[in-house]
Every structure is written in structure tokens, then in C-alpha cells.
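Student: I would like a close look at a single part of this model rather than a survey of the whole. Could you choose one part, follow it outward step by step, and spell out the reasoning wherever a residue is assigned to a class?

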Amino acid sequence: FFCQVTELMAFKPPGKGNNIKNLLITGYPGVGKTTACKHLISAIQDKHNRYSSICKIQGFYSQENRKNYSRIGFDIVNIADGSTNMLARIESELPKHIYDKYKLSHSRSFKHVGKYVVDLDGFEKFVLPIFKRNKSKDTVNIFLID
């Protein structure tokens with residue numbers, strides 16, 4: 001999968017008014033879905049782009065977290081302010097405060113997905129305010145979830 005940002009921005013589905021409601025990008029791991037999303041974000045936020053003044057982008061994407069060239073987990077990045085939060089780690093790489101909570105927790109706060117421990121509470125605390133912010137009077141033309 002490889003898609004030029006201009007192709008994504010020029011995409012117009014058939015129909016009255018050609019207003020796109022949803023654009024889903026799917027593919028196997030490592031084919032470039034997140035990379036395409038990051039390029040789209042950069043293109044829309046670029047001051048020199050003709051779309052930057054009429055288009056606002058919000059949401060979040062995930063990014064790999066690596067240590068010594070090995071993937072140890074994933075973080076979430078808030079598009080609006082660039083802040084990050086841990087989404088998942090292999091157990092041996094969990095930060096101590098989260099590891100302690102994980103070991104003591106018998107709740108649904110953590111789930112295993114493959115070799116990763118996912119911090120559901122941390123995810124919700126980080127992501128839900130992004131959705132609430134979307135309900136403000138500001139116009140959001142694109143809400144990206146990766």
C-alpha cells in the first residue's frame with residue numbers, strides 16, 4: 001500500500017455533492033497505514049497548503065515504541081497538541097508505576113493483546129477528552145483515528 005497524500009485529499013466518492021463521510025485505510029501490519037495518516041496530517045497542517053486555512057484535523061494515531069531496534073510497545077499521539085501516552089508495552093518494559101498497578105489489578109484495566117499489555121484505563125483517560133473536544137463549536141473537518 002502506498003498512497004500519495006494528494007491522492008487522498010483529491011479522493012471524491014460518487015454521489016451528490018461528493019462529500020466524503022468516511023475514509024477507511026486498511027492493510028497488513030507494516031504496509032504504511034500510519035505513515036499515510038502522518039503524511040495527511042502534515043499536508044493539512046502545512047501553512048503553505050491551500051487546505052490549511054479551511055481544514056482542521058483532530059484525533060489520534062498510534063506509533064511504535066522501540067528500544068535497541070526492537071518494538072517494545074505502542075504510544076498514542078494527540079494530533080492537536082502532540083502529547084503522547086502509553087498504549088501498550090511488553091510486560092518487561094512497563095513503567096514501574098503502571099507495572100505495579102498491573103500486578104495488583106484484578107480489574108478490566110489491562111488486557112493482553114498478543115505479547116503486549118494494553119492499559120485500557122490510560123487509553124480512555126487520554127482519548128476520551130479528544131472526542132469531547134470534538135463536540136465544541138470549532139469546526140472539525142477531519143477526525144482521524146489510527
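Tutor: The part taken up here is strand β1, residues 57-67, followed by the strands and the core that connect with the discussion.

The model is predicted, and a brief setting helps before the detail. The protein chain contains four helices and six strands, and from the N terminus on these elements follow one another as α-α-β-β-β-α-β-β-α-β. Of its 146 residues, 32% are buried. Among the contacts in the chain with a separation of 6 or more, 47% are between residues 24 or more positions apart. The accessible surface comes to about 10300 Å², and carbon and sulfur atoms hold 54% of that area.

Strand β1 has pairing partners in β2 and β6. With strand β6 (residues 142-145), β1 pairs in the parallel sense over four bridges, and within this pairing Gly 59 stands opposite Leu 144. With strand β2 (residues 70-78), β1 pairs in the antiparallel sense over eight bridges, and here Phe 60 faces Asn 78.

Between β1 and β2 the chain turns through a hairpin with two residues between the strands, and the backbone there deserves attention. Most residues other than glycine have a negative phi. Against that background, Asn 68 has a positive phi of about 50° although it is not a glycine, and Tyr 69, likewise a residue other than glycine, has a positive phi near 70°. Asn 68 lies in the loop between β1 and β2, and Tyr 69 lies in the loop between β1 and β2 as well. As for solvent access, Asn 68 has a relative accessibility of 67% and therefore counts as exposed, while Tyr 69 is exposed with a relative accessible area of 78%; the cut-off behind both assignments is over 50%.

Back within the strand, Ser 62 lies in β1. Ser 62 is classed as buried because its relative accessible area is 18%, and the class takes in values under 20%. Once neighbours within four places in sequence are set aside, Ser 62 is in contact with Thr 34, Asp 75, Ile 76 and Asp 146.

Phe 60, met above as the residue opposite Asn 78, leads from the strand into the nonpolar interior. Phe 60 belongs to the largest nonpolar core, a set of 11 residues that it shares with Ile 72, Ile 76, Leu 87, Ala 88, Ile 90, Tyr 116, Val 118, Phe 126, Val 127 and Ile 130. The elements that give two or more residues to this core are β2, β3 (84-90), β5 (116-119) and α4 (120-133). Val 127 links several of these names, for it touches Phe 60 and Ile 76 when residues up to four places away in sequence are not counted. There is also a second, separate core of 10 residues, among them Ile 44, Ile 57, Val 77 and Ile 79.

Strand β5, one of the contributors to the largest core, can be followed in its turn. In a regular strand the side chains alternate between the two faces of the sheet. In β5, Tyr 116 and Val 118 point one way and Val 117 and Asp 119 the other way, yet all are buried. Strand β5 pairs with β3 in the antiparallel sense over three bridges, with Ile 90 opposite Tyr 116, two residues that are also members of the largest core. Strand β4 (residues 110-113) is joined to β5 by four bridges, again antiparallel, and Phe 110 has Asp 119 as its bridge partner. The hairpin of β4 and β5 also has two residues between the strands, and Gly 114 there takes a positive phi near 60°.

One last step leads from the interior to the surface. Leu 128 lies in helix α4, an element that also gives residues to the largest core. Leu 128 is partly exposed, because its relative accessible area is 42%. Together with Phe 131 and Ile 145, Leu 128 forms a nonpolar patch on the surface, with about 260 Å² of accessible area in total. Ile 145 falls within strand β6, residues 142-145, the parallel partner of β1, and that brings the account back to the strand where it began.

Terms used
Residues are numbered from 1 along each chain as its sequence is written. This is a predicted model: local features need pLDDT of at least 70, side-chain atom pairs count only at pLDDT 80 or more; totals for chains, interfaces and linings use all residues. Side-chain values use heavy atoms; hydrogens and water are left out. Buried means under 20% relative accessible area, exposed over 50%, partly exposed in between (1.4 Å probe, protein chains only). Contact means heavy atoms within 4.5 Å. Accessible areas come from the Shrake-Rupley method with a 1.4 Å probe; for residues, only the protein chains shown count as cover. Two strands pair if DSSP finds at least two bridges between them. A nonpolar core is a set of buried Ala, Val, Leu, Ile, Met, Phe, Trp, Tyr and Cys residues joined through side-chain atoms within 4.5 Å. Patches are made of residues with over 30% relative accessible area and no salt bridge: like charges are joined within 9 Å, nonpolar side chains (Val, Leu, Ile, Met, Phe, Trp, Tyr) within 5 Å. A salt bridge is a side-chain nitrogen of Lys or Arg within 4 Å of a carboxyl oxygen of Asp or Glu.
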